[in-house]
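Open the model in a viewer with selection by residue number switched on. The stops below can be taken in order.

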Amino acid sequence: MPELPEVETIARQLQQVLPGRKIKSVQVLREKSFVGESEILVGRKIRRVTRKAKMVAVELDREDLVLLIHLKMTGQLIFQDKGRRVVGGHPTEDWVNSLPSKHTRVIIGFTDGPASPAGRSKLFFNDMRVFGWIKIATSDEWLATGRTLPPDVIDPEFTVGYLKGVLKRSTRPVKLVLLDQAKIGGLGNIYVNDALYLTQTKPTRKANSLKPAEIKRLHQTCVQVIKRGIEAGGASENTYKHINGLGGQYQEEFLVYKREGQRCGLNGCDGVIKKIKVGGRGTYFCSRHQR
Ligand SMILES: [Zn+2]
């Protein structure tokens, strides 16, 4: 599942290529994947592409509307302009194969300016399992959504004090609290495993048992691992290993994720990485240095 760094990465890349483009057509190939009246978009110009939580927000020249995209489990966005492609989200062969593919659910075509009346560049929304969606929202709806969402881990509102408040109110395992998207936006499983590993925190520890100094380190480390993920272009853990190199590079830097049975090695630690399930999610930790 694409996590915050992957969504941030594709949003940044689309911000490089979409603003100023005018929508010529919207083809909805799978109704479930598109919410709203697609015709409203025709003739609209794209102003800006941003991200909030795991949603990509495409702002239009009609300020009362915004196009929201959620990739969920297997969504991907591919912008194609002549020979060039910008790809993001779930990595599959569709990143490199010809499009549309059997997983293409929506195609947004652009006019590419008055000089070329024929639509040329396109944005493909592919989604193998059809959990993702594109939705036309009013800007009021979008603002209201923003108010109900917790701060993202890289937002300035995500402070040590905020994290402390969240942890103090819970006796659940600290890992589950960090993963709770209603409390903190954008900390996915891979990154939480790594942050707990680096801060020597056992994933099953009760959230309210962390001491102030531990919370401070945890806060700092959560921000760091996400920022490192964004710098690497996100992680693309996937079943399509042969397209390695196309995805983000973070998977080459996983510190503890998927390393069960291996020697820990962090600062010379002789512990062994164990795998357990916490709240149904794969949890990896060093039985020696994480307490
Ligand atoms: Zn260790």
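Is Gln200 buried, partly exposed or exposed? Select Gln200: with a relative accessible area of 39%, this residue is partly exposed, because buried would require under 20% and exposed over 50%. Keep in mind at this and every later stop that the model is predicted.

**Backbone stops**

Stay on Gln200, which sits in the loop between helix 5 (189–198) and helix 6. Its phi is near 60°, a positive value in a residue other than glycine. Most residues other than glycine have a negative phi, and most peptide bonds are trans.

Go next to Lys72, in the loop between strand 5 (65–70) and strand 6. Lys72 is not a glycine either, yet has a positive phi of about 50°. At a relative accessible area of 33%, Lys72 is partly exposed.

Then show the backbone from Leu99 to Pro100, where the peptide bond is cis, with omega near 0°. Pro100 belongs to the loop between strand 7 and strand 8 (104–110).

**Strand 6 and its partners**

Select residues 75–81, which make up strand 6. Of its 7 residues, 6 are buried. Strands of a sheet pair through backbone hydrogen bonds, either parallel or antiparallel.

Add strand 9 to the selection: strand 6 and strand 9 run antiparallel and are joined by 6 bridges. One pair to pick out is Gly75 with its bridge partner Asp127 in strand 9.

Now add strand 7 (residues 84–89), which pairs with strand 6 over 6 bridges, again in the antiparallel sense. Look for Gln80, opposite Arg85 in strand 7. The hairpin of strand 6 and strand 7 has 2 residues between the strands, and Lys82 in this hairpin takes a positive phi near 50°.

**The open sheet**

Color strands 2, 10, 5, 4 and 3, in that order: these 5 strands form an open sheet with mixed pairing. Its edges are strand 2 (34–35) and strand 3 (46–52), each of which pairs on one side only. Zoom in on the edge at strand 2, where the pairing with strand 10 is parallel and covers 2 bridges. Val35 stands opposite Lys135 in strand 10.

**A surface patch**

Switch to a surface view and select Met1, Met73 and Phe131. Together these residues form a nonpolar patch on the surface with about 280 Å² of accessible area. Phe131 lies in the loop between strand 9 (122–127) and strand 10 (133–138). Its relative accessible area is 40%, so Phe131 counts as partly exposed.

**The zinc site**

Which residues hold the zinc ion as protein donors? Select Cys264, Cys269, Cys286 and His289: the donor atoms are SG of each cysteine and ND1 of the histidine, lying 2.1 to 2.3 Å from the ion. The 4 donor atoms make angles of 103 to 121°, and the site is tetrahedral. For comparison, the ideal angle for four tetrahedral donors is 109.5 degrees.

Along the sequence, the donor residues follow the spacing C-x4-C-x16-C-x2-H. Cys264 and His289 link distant parts of the chain, 25 residues apart. Cys264 is in the loop between helix 6 (212–231) and strand 11 (273–278), while His289 is in the segment after strand 12 (281–286). Both Cys264 and His289 are buried.

Note on methods
Residues are numbered from 1 along each chain as its sequence is written. This is a predicted model: local features need pLDDT of at least 70, side-chain atom pairs count only at pLDDT 80 or more; totals for chains, interfaces and linings use all residues. Side-chain values use heavy atoms; hydrogens and water are left out. Patches are made of residues with over 30% relative accessible area and no salt bridge: like charges are joined within 9 Å, nonpolar side chains (Val, Leu, Ile, Met, Phe, Trp, Tyr) within 5 Å. Accessible areas come from the Shrake-Rupley method with a 1.4 Å probe; for residues, only the protein chains shown count as cover. A salt bridge is a side-chain nitrogen of Lys or Arg within 4 Å of a carboxyl oxygen of Asp or Glu. Helices (H or I, at least four residues) and strands (E, at least two) are DSSP runs, numbered from the N terminus. Buried means under 20% relative accessible area, exposed over 50%, partly exposed in between (1.4 Å probe, protein chains only). Donors are N, O and S atoms within 2.8 Å of the metal (3.2 Å for Na, K and Ca); water is not among the atoms, so sites may look incomplete. Four donors count as tetrahedral if all angles lie between 85 and 135 degrees; four count as square planar and six as octahedral if opposite donors are over 155 degrees apart and all others between 65 and 115; anything else is irregular. Two strands pair if DSSP finds at least two bridges between them.
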